[in-house]
Amino acid sequence: MKKTILLVFIAITFLLQDASAKKIALVIGIDKYVPDTPTGETLTWRNLNGAVRDANAMSNVLKCKYQFDVIKVLDTPEETTTKGLKEAFKWLQDNTKANDIVFFYYAGHGSQVENSRHFEADKTQECIVPSDAYKGKQNYILDTELNAFLLSLTNKKAMVTAIFDSCHSGSVSRNAITAETPATRSLNHKFPDIKTSVPKTIPPATRGALIISAAQNNETASETVNTEGLPQGAFTDAFLQAINASPSVENVATLEKRIRSLLRFNGKVQTPTFEGQEDRMNKALFGENVSSSDNPLLFVEKVNSSSGEIKLLGGAALKINKGTTLKNDKGIELEISSLDGMTGSYAKVTSGSLSSIKEGDAFEVKVWAHANHPNLVVYASKSSLSDIQITSIGHDLQSLNSSSFKIIKPWEVGTHTLAFNESTAQWVVSNTCGQQKVIPNPTPAVVKKAVTGLTCEGNSNVKLFVNLPLSSGKYKMLDDEFGESATKLSKSSIEASYILGGFYEDGKLKYAWTLQSANAQSEETRTLPTYADPVNVNSQSFKFNLTDQAQKIGALKKWMTLRSPASMAFPYKLCLQDLDNGSIIDGGKIYEGQNMRLAFKKDPALFARWKKRNMFLYVFMIDDDGEMQLLLPFDFSDNKSDNILQGYEKDVVPVDLEGNYIEFTVEGTGVDKMFVLASEEAIPNPEQLFNINGVRSTRSGVGGDPLVNLLNSINTNTRGLSMKERKVKAVWSISSTTFESSLRQ
């Protein structure tokens, strides 16, 4: 009998909806796969033990915690046949309207179907397995069919969430369900080759859906024994624990980390994959708007009561440093004692009780970096003058502008500088020859006389930068803000990478971070932006904009100066392949009009020592406007090295976004640094981590960045990431290549 549960809507929803909008769910659980009557099949079919329990537990949560209006549950062999599932899909499609909150859940077997004509390297498609799959033929539902089903819901403008607690591998056989040998939700069978061309489709996650899988496509999804001693899906068990320990409107990115920490604590090597765009990941599970801190949360993976050490999910990829301090809602404080690769770290309690901490607890970053290890050091001069007085000085000095005497901006190359000496409270004029002159006050006449008296040989025209200081009030605002950040506001300009330059423009006093010329010569940080967008001193977001820009630059600088562990060097670096003549460019100059393809190039010496681990690859780019962009994976594409590097047989392998190469024609000028990060553990939410807006709003050149334009036009199939439990230091490696595009002479 169909079990359709109609619920009375008794609570105010967290998402503003039309009066007719509803919450509707389709929940499927399949335990029974072995037919009652033996068949001629040679397959060894195995039943599951916890999938039906998963489905019913999920239904109860939807009913009690999230107040769904309509829940259809299918959990008997008669209901969960291929025909039954497809009829249920149509039921959900027919009953979904615009603005509805729609939830789809599947717990059961997952498998693979061989497809020799598939564009993906592994030549397989994933599928879910109905209860009548033992009948053979094509009694399964392919990933392409599921994709079309979910897209039909997003096309109706519904808010869609889908969870699959099943395995996407066909290589693991079933075992009896015990705590030591849990069942896995896959079959010991790969279905026959269907030899069918597969059109590339739009991932539902790029259309607003949230797609959650219990494991990556080449991992097993285990069953476990829950706290009541009953069999249940390991993912669903962790999922239910996580949502019961969190508020109804916790954002998805936070929920993902909480679930991962619980799975790892329970010893499960599978890692759930969460596919959703940034705005979706920042909302609650069913799309409700939430408010959250800008600081990330780290989750407790393991507590070692004997050593007092705490293992955390969250590491270098989150820009965490040794010395970073964390705090939870109980007031317990931790300090990071060491990092474990890109995704893990260890901490000690500095305030509070270790016994009060348990696995899955969340800690928020309180202070980003130890005072001796900031990501970025900056300098800003201050004075006792008010903003009005400083603005007046800038305005008056504009009268000096002429054909031979020009007032320039902080990032322009000049012949002279007028600056305020904070320690002596005096104004000083200096030139590029090292000469200086103290002046009593910066009136136009006094400044002009001092400048013309300090002219270097060969400098007939004056280019004067007037560096206006901050008022004491504005300086204190910045100092307070940087106090708990990864940016250090230094008292000395000598140790600073960036100087805050004040200047007058268009009737306004503005300030801009400017790279010191000495730092601009460093090869490793050559792509750092020479300056950031100026900020109006009277802007309501003055403090936020300046601190945000400094934090972004510091994050970029950290990536640029990051060094791989001595024991690990991934043997592939990025290069460009000239499509016109086939030549390989390892870095340096490239020229306008060249047709390029981004590729991986093998380093033979490193390759000879490499152990051929299957790594997760992340390719990202930092340009000289301070913009950071993830190139691989793109739209949740596959990023495992075994597939991406095609078995490691070739010396040069194109960066392949599942059938799409990154090809472009060089336009304009600029400097781009491209990175390949190889990690044995997947990095959660890389789309959020590696996509950062620049600190400068315009880029030199014509027609914008061709890579950005190219990537915006690419769609790839929905795939996933993976992370596995590690008991030793995580393996990772990073390398970079710099390309400078120039106009042909």
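Contact, as the word is used here, means heavy atoms within 4.5 Å. With that in hand, lysine 348 is a convenient place to enter this predicted model. Leaving aside its neighbours within four places in sequence, lysine 348 is in contact with Ser307, Gly308 and Glu309, and also with Glu333, Leu334, Glu335 and Ser337. The residue belongs to strand S18, which covers residues 344-351, and its relative accessible area of 36% makes it partly exposed. Among these partners serine 307 can be described in more detail, since the side chain of lysine 348 reaches the backbone oxygen of serine 307 at 2.8 Å. Threonine 325 stands 23 residues from lysine 348 in sequence, and the C-alpha atoms of the two are 9.7 Å apart in space.

Asparagine 375 offers a second local environment, this one in the loop between strand S19 (362-367) and strand S20 (376-379). With a relative accessible area of 10%, asparagine 375 is buried, because the limit for that class is under 20%. Its side chain is joined to the side chain of asparagine 321 by a polar contact of 3.4 Å. Not counting residues up to four places away in sequence, asparagine 375 touches Lys319, Asn321, Ala486, Gly554, Lys557 and Lys558.

The aromatic residues come next, and the structure holds 26 aromatic pairs. In one of them, tryptophan 411 and tyrosine 531 have their ring centres 3.9 Å apart and their planes at 10°, so the pair is stacked. Tryptophan 411 lies in the loop between strand S22 (405-408) and strand S23 (416-421), while tyrosine 531 lies in the loop between helix H10 (517-520) and strand S31 (535-536), so the pair ties together parts that are 120 residues apart in sequence. Tryptophan 411 counts as partly exposed at 23% relative accessibility, whereas tyrosine 531, at 18%, counts as buried. Phenylalanine 570 and tyrosine 572 form another aromatic pair, which is tilted, with 5.8 Å from centre to centre and 40° between the planes. Here phenylalanine 570 is buried at 5% relative accessibility, and tyrosine 572 is buried at 0%. Elsewhere, Tyr66, Phe68, Phe103, Tyr105 and Phe286 form one aromatic cluster.

Aromatic rings also take part in arrangements with charged side chains. The charged end of lysine 474 sits over the ring of phenylalanine 542, at 5.9 Å from the ring centre. The charged end of lysine 602 is likewise placed over a ring, that of phenylalanine 607, and lies 4.2 Å from its centre.

The cysteines complete this path through the model. The count of disulfides comes to 1, and it is formed by cysteine 433 and cysteine 456, whose sulfur atoms are 1.9 Å apart. Cysteine 433 is found in the loop between strand S24 (426-431) and strand S25 (436-439), and cysteine 456 in the loop between helix H8 (444-452) and strand S26 (462-467), so the pair ties together parts that are 23 residues apart in sequence. Cysteine 456 counts as buried, at 6% relative accessibility. Two further cysteines can be placed in the same terms: cysteine 127 is buried with a relative accessible area of 1%, and cysteine 575 is buried with a relative accessible area of 0%.

Notes. Residues numbered from 1 in each chain as written. Predicted model: local features only at pLDDT ≥ 70, side-chain atom pairs only at ≥ 80, totals over all residues. Heavy atoms only, no water. Helix = DSSP H or I, 4+ residues; strand = E, 2+ residues; numbered from the N terminus. Buried < 20%, exposed > 50% of the residue type's maximum accessible area, 1.4 Å probe, protein only. Polar contact = N/O pair within 3.5 Å; in protein donor to acceptor, adjacent residues only side chain to side chain. Phe/Tyr/Trp six-rings, centres within 6.5 Å; stacked < 30°, edge-to-face > 60°. Lys NZ or Arg CZ within 6 Å of the ring centre and 35° of its normal. Disulfide = S-S within 2.5 Å.
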